[in-house]
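Good morning, and thank you for coming. Please look at the model on the screen while I speak about one of its sheets.

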Amino acid sequence: MTAKNDFERFMRRHMKGHENESAALEAEQDSAETTDAPEALAAVSAESEIDRLAREKAELLDRLARLQAEFDNARKRASREQQDFREYAVANAITPLLPILDSLDRAVHFEDASAADLHAGVELISKQLLDALGKLGLQVVHAKGELFDPHQHQAIEMVETDEVPDGHVVDELQPGYKLKDRLLRPAMVRVAKSSKS
């Protein structure tokens with residue numbers, strides 16, 4: 001019986017020591033977990049931050065790609081509109097000239113016209129053409145009797161005369177034209193030179 005009692009005592013001591021070791025191990029693990037908890041939380045937090053930033057980056061790249069596509073489409077559309085404008089802008093200039101073409105066509109096909117009738121018809125067509133071009137901004141550069149202006153007149157000859165003041169235009173050989181404020185063609189003129197000088 002004593003052997004049995006001895007064995008039980010031994011086992012109790014041994015188990016008690018084991019329990020102490022187990023309790024010590026559990027305490028160690030608990031303290032490790034509590035000390036590792038902030039590190040684990042930081043690792044989890046960093047991973048979620050990385051995931052969030054990756055999603056945000058993907059969204060921004062997607063938006064950038066869409067904006068680039070929209071910009072490219074707008075650029076192409078503007079280029080097409082400019083091309084169309086260039087091709088058809090002349091239509092606004094041509095449309096007022098169509099009645100003049102009609103008048104010229106009628107004059108060509110008019111058979112029993114006298115020279116006086118043809119002359120009057122051509123004068124009317126010329127006036128019609130000047131009116132149509134005037135609506136587009138064309139202006140005639142008046143020269144005869146005006147003081148010679150090298151910015152608007154092209155002198156091809158100096159004429160000695162006392163009928164017109166010195167330096168004034170005696171005769172206009174070809175009219176000049178301006179489009180609004182821009183000179184398209186200078187008037188070709190003869191300029192007076194005083195015979196006294």
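Which residues of strand E4 lie on its covered face, and which on its uncovered one? Please note that this is a predicted model. Strand E4 spans residues 176-179. Gly176 and Lys178 form the covered face, while Tyr177 and Leu179 form the uncovered one. This follows a general pattern: in a regular strand, side chains alternate between the two faces of the sheet.

Let us now place E4 among its neighbours. The sheet is open and has three strands in the order E1-E4-E5, with antiparallel pairing. E1 and E5 are the edge strands, each pairing on one side only. On average, neighbouring strands of this sheet are turned by 35 degrees against each other, direction ignored. In general, the strands of a sheet pair through backbone hydrogen bonds, in either a parallel or an antiparallel manner.

I turn to the pairing with E1. Strand E1, residues 138-141, is antiparallel to E4, and four bridges connect them. Among the bridge partners, Gln139 is matched with Lys178 in E4, and Val140 is matched with Tyr177.

What joins E4 to strand E5? Three bridges do so, and the two strands run antiparallel. Strand E5 covers residues 182-185. Here Tyr177 stands opposite Arg185. Tyr177 of E4 thus has Val140 as its bridge partner and Arg185 of E5 opposite it.

Finally, consider the hairpin of E4 and E5. Two residues lie between its strands, and Lys180 in this hairpin takes a positive phi near 55 degrees.

Key:
Residues numbered from 1 in each chain as written. Predicted model: local features only at pLDDT ≥ 70, side-chain atom pairs only at ≥ 80, totals over all residues. Heavy atoms only, no water. Buried < 20%, exposed > 50% of the residue type's maximum accessible area, 1.4 Å probe, protein only. Pairing = 2+ DSSP bridges. Axes fitted to C-alpha atoms, helices over the stretch in contact; angles between N-to-C directions.
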